[in-house]
Amino acid sequence: MRVAGAAKLVVAVAVFLLTFYVISQVFEIKMDASLGNLFARSALDTAARSTKPPRYKCGISKACPEKHFAFKMASGAANVVGPKICLEDNVLMSGVKNNVGRGINVALVNGKTGEVLDTKYFDMWGGDVAPFIEFLKSIQDGTIVLMGTYDDGATKLNDEARRLIAELGSTSITNLGFRDNWVFCGGKGIKTKSPFEQHIKNNKDTNKYEGWPEVVEMEGCIPQKQD
């Protein structure tokens, strides 16, 4: 009886040890697999972060040098989507902000500090050009001026208004016509013509939309005004 009892004990111990061994091996394999997956995911996440392109202010394609303001702007799309003006990652005018309208949309910015001074739009289809002329005359030296058209920005423009905009550095304003798309960035007191201007003519043979040309976009770096 004692021999039989001892044999049963030996068998029970052997079964226990075998079971423990099998469980430990399976657990170790699962742990290795889990750790392997964890490290693999971590490596992939790190690689994804390292290859993700950097984002610059206003979503422009490259960083601006020191003492420059980053800007990006777009004209309106037909008479459906309003223009958008962004400076230093701050959207100054857009349809979402509900501060754009038909005609010429204008944002004024302090050329030294980048502070937004004013945003307005002037209806050049059904409105009066006189308030626009008075507004242009009131702009102070050293002010950055950003303009973008929406729907039609030219019908009510007269020679005086065009001359005042040309004095801000615009080249294309003399040729701006009915439903042309145009964006411009200049400044009061500028001594040369601005390099920041895009203009697409309204042409039924090339228009992207029925009655309107495609949207024009522009980005760049505006030198900060120095004392």
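**Exercise 1.** Does Asp180 count as buried or exposed, and at what relative accessibility?

*Solution.* The structure is a predicted model, and the values used in these exercises are computed from it. Begin with the cut-off, by which buried means under 20% relative accessible area. Then take the value for the residue: Asp180 has 2% relative accessibility, and therefore counts as buried.

**Exercise 2.** Find the partner with which Asp180 forms a salt bridge, and explain what the pair ties together.

*Solution.* First, identify the partner: Asp180 forms a salt bridge with Lys201, and the closest N and O atoms are 3.0 Å apart. Next, place both residues along the chain: Asp180 lies in the loop between helix H3 (159–166) and strand E7, while Lys201 lies in the loop between strand E8 (196–200) and strand E9, so the pair ties together parts that are 21 residues apart in sequence. Finally, consider the accessibility of the partner: Lys201, at 42% relative accessibility, counts as partly exposed, whereas Asp180 counts as buried.

**Exercise 3.** The structure holds eight salt bridges; describe the one in which the side chains of Arg55 and Asp89 meet.

*Solution.* Start with the distance, which is 3.2 Å from N to O for the side chains of Arg55 and Asp89. Then locate the two residues: Arg55 is in the loop between helix H1 (2–51) and strand E1 (68–74), and Asp89 is in the loop between strand E2 (84–87) and strand E3 (90–93), so this salt bridge ties together parts 34 residues apart in sequence. As a last step, sort the residues by accessibility: Arg55 is exposed, with a relative accessible area of 59%, and Asp89 is partly exposed, with a relative accessible area of 40%.

**Exercise 4.** Describe the lining of the largest pocket, beginning with the number of residues and ending with the strands that supply them.

*Solution.* The largest pocket holds about 340 Å³ of space, and its lining is made up of 20 residues. Looking towards the centre of this pocket, one finds that Gly186, Gly187, Ile190, Ile222 and Pro223 lie nearest. The next step is to sort the lining by residue type, which gives seven nonpolar, eight polar and five charged residues. Turning to the strands, E6 (143–150), E7 (181–187) and E9 (217–223) each supply at least two residues of the lining, and E7 gives the most, with three residues.

Terms used
Residues are numbered from 1 along each chain as its sequence is written. This is a predicted model: local features need pLDDT of at least 70, side-chain atom pairs count only at pLDDT 80 or more; totals for chains, interfaces and linings use all residues. Side-chain values use heavy atoms; hydrogens and water are left out. On a 1 Å grid over the protein atoms alone, a cavity is a set of points where a 1.4 Å probe fits but cannot get out, and a pocket is an open set with protein on both sides within 12 Å along at least five of seven lines; lining residues have an atom within 4 Å of a point. Grid points are joined across faces, edges and corners, and a volume is the space filled by probe spheres set on the points. Helices (H or I, at least four residues) and strands (E, at least two) are DSSP runs, numbered from the N terminus. Ala, Val, Leu, Ile, Met, Phe, Trp, Tyr, Cys and Pro count as nonpolar, Asp, Glu, Lys and Arg as charged, and the others, Gly among them, as polar. A salt bridge is a side-chain nitrogen of Lys or Arg within 4 Å of a carboxyl oxygen of Asp or Glu. Buried means under 20% relative accessible area, exposed over 50%, partly exposed in between (1.4 Å probe, protein chains only).
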